[in-house]
Structures are given as structure tokens and as C-alpha cells.
Amino acid sequence: MKKILPNILTISRILMVPFLWWCCVRLQQPWGVFYGLIVFIVAAITDYYDGKFARKYNISNFGKIMDPIADKALIGVAFYLLAVSPIKIICIWPLVIILARELVVTLLRSYYIKKNIYIAANYWGKLKTGTQIGVVIAAFVFYLAKFWLPLSPSVAFALNTLTIVCIWITVLITIASGATYFFGEKK
């Protein structure tokens with residue numbers, strides 16, 4: 001059971017992605033976004049424990065393939081939700097850049113694997129994941145705060161600006177982490 005636990009967590013994260021979308025788009029606002037935030041946080045926690053257990057009990061071939069897919073789907077859908085109604089905090093470009101980075105890295109990884117070259121997880125990848133998860137949570141919380149807290153227009157504007165700046169910093173970190181696949185150490 002312990003050896004398949006990471007795979008169960010990966011599958012559960014994949015199953016949470018459409019539920020995240022459904023909560024935010026189909027349920028009545030702002031409660032739908034609140035439920036979506038809970039789903040996202042639970043999925044992020046499964047990502048953490050999935051990695052922890054996979055390292056402890058050895059990563060399966062299934063996990064090597066499906067874990068990155070689950071991560072990309074979760075982050076992709078979350079940034080999509082930030083760019084469309086009802087949340088619509090950002091323009092579509094952060095999503096496009098993040099998805100383009102993921103596509104390029106996936107193709108490059110596949111190329112290296114065929115040549116038996118492996119690039120280990122590094123600081124930039126962990127920073128990318130952490131900032132992406134953190135900024136999505138912060139953006140969802142900001143969206144909910146506009147409904148549930150008596151924010152003055154100036155405070156709402158400042159929080160909105162801060163959220164957008166943090167998203168673009170996350171995009172820059174995402175690009176930097178992708179660069180490590182071109183210039184980083186390979187084994």
C-alpha cells in the first residue's frame with residue numbers, strides 16, 4: 001500500500017482539477033470560488049505528500065509520467081481561472097507563458113530521457129512550484145476578500161496591483177526555472 005500511495009495521491013490530484021474548474025465556474029459566486037480554493041489547497045497538499053512519499057518509497061514509472069501531468073493540469077487550470085470570468089484578475093498572458101514553458105520543458109525532458117540524460121529537481125523548480133501555488137492561493141483569497149470584507153477602493157486597488165505584480169514575478173521565476181533545463185547540470 002505504501003508504494004502505491006504516491007500514485008493514489010497523483011490520481012486524486014488529477015481528479016480534483018475538473019472539480020476545481022466546476023466549483024469556480026459553475027457554482028454560485030463567491031462561494032464557488034471559496035470551494036475551488038479549498039479544492040486547490042487540498043490538491044497542493046497532495047502534491048507535497050506525493051513527492052515526499054515517492055522519494056521515500058521510490059518513484060514508479062507511472063508516477064514519473066503522471067505526476068508532472070497532474071501538476072501542469074492543476075496550475076494550468078488555476079491560472080486559466082484567474083484569467084476568465086468570474087475571477088478575471090489577470091490577463092491571459094501569464095497563463096500562455098506558463099503553459100508554453102511547461103510544453104517546452106516537457107519536450108526537452110522527453111528528448112533528454114531518450115538519450116538517458118536526467119535533470120534532477122533543483123531549487124528553481126521547487127521555487128517555481130511554491131510561488132505558483134502561493135500566488136494562486138493569494139489571488140483567490142483577494143477575490144474573496146472583495147466580497148466579504150469592506151475594502152476601500154484604494155485598498156482594493158493596492159491589493160489588486162500587488163496580486164498582479166506577484167503573478168508576474170511568478171511568471172519570471174517560471175521562465176528562470178525553465179532555463180535550467182537548457183543551461184543546468186545534466187546526468
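**Exercise 1. The loop between H1 and H2**

Pro 30 is found in the loop between H1 and H2, where helices (H or I, at least four residues) and strands (E, at least two) are DSSP runs numbered from the N terminus. The model is predicted: local features need pLDDT of at least 70, side-chain atom pairs count only at pLDDT 80 or more, and totals for chains, interfaces and linings use all residues. Residues are numbered from 1 along each chain as its sequence is written, and side-chain values use heavy atoms, with hydrogens and water left out.

Task: State which residue is joined to Pro 30 by a cis peptide bond, and give omega.

Solution.
- Step 1. The bond to identify joins Gln 29 and Pro 30, and it is cis.
- Step 2. Its omega is about -5°.
- Step 3. For context, most peptide bonds are trans.

**Exercise 2. The loop between H3 and H4**

Task: Describe the backbone at Pro 86 and Lys 88, and decide whether Ile 90 is buried or exposed.

Solution.
- Step 1. Pro 86 lies in the loop between H3 and H4. A cis peptide bond joins Ser 85 to Pro 86, with omega of about 15°.
- Step 2. Lys 88 is found in this loop between H3 and H4. Although Lys 88 is not a glycine, its phi is positive, about 45°. Most residues other than glycine have a negative phi.
- Step 3. The classes of accessibility are buried (under 20% relative accessible area), exposed (over 50%) and partly exposed (in between), with a 1.4 Å probe and protein chains only. Lys 88 has 56% relative accessibility and therefore counts as exposed.
- Step 4. Ile 90 is found in the loop between helix H3 (61–83) and helix H4 (93–114). Its relative accessibility is 7%, so Ile 90 counts as buried.
- Step 5. Contact means heavy atoms within 4.5 Å. Leaving aside neighbours within four places in sequence, Ile 90 is in contact with Phe 79, Leu 82, Ala 83 and Ile 167.
- Step 6. Ile 90 and Thr 163 are 73 residues apart in sequence, and their C-alpha atoms are 8.9 Å apart in space.

**Exercise 3. The salt bridges of Arg 13**

Task: Determine which residues are linked with Arg 13 in a network of salt bridges.

Solution.
- Step 1. A salt bridge is a side-chain nitrogen of Lys or Arg within 4 Å of a carboxyl oxygen of Asp or Glu. By this rule the count comes to 7 salt bridges.
- Step 2. The side chains of Asp 47 and Arg 13 form one of them, at 3.7 Å from N to O. This pair links distant parts of the chain, 34 residues apart: Asp 47 in helix H2 and Arg 13 in helix H1 (residues 5–26).
- Step 3. Arg 13 also meets Asp 67 in a salt bridge, at 2.4 Å from N to O. Because Arg 13 lies in helix H1 and Asp 67 in helix H3, the pair ties together parts that are 54 residues apart in sequence.
- Step 4. A salt bridge of 3.1 Å, N to O, joins the side chains of Asp 71 and Arg 13. Asp 71 lies in helix H3 and Arg 13 in helix H1, so this pair ties together parts that are 58 residues apart in sequence.
- Step 5. Arg 13 has a relative accessible area of 0% and is buried. Asp 47 is buried, Asp 67 is buried, and Asp 71, at 23%, is partly exposed.
- Step 6. The network of salt bridges links Arg 13, Asp 47, Asp 50, Asp 67 and Asp 71.

**Exercise 4. Helices H5 and H6**

Task: Find which residues Gln 132 touches, and which residues Ile 173 touches.

Solution.
- Step 1. Gln 132 lies in helix H5 and is buried, with a relative accessible area of 2%.
- Step 2. Not counting residues up to four places away in sequence, Gln 132 touches Ile 75, Phe 79, Ile 98, Glu 102, Thr 170 and Thr 174.
- Step 3. Ile 173 lies in helix H6 (residues 153–183) and is buried, with a relative accessible area of 14%.
- Step 4. With residues up to four places away again not counted, Ile 173 touches Trp 124, Leu 127, Lys 128 and Thr 131.
- Step 5. The C-alpha atoms of Ile 173 and Gln 132 are separated by 9.1 Å, and the two residues are 41 residues apart along the chain.
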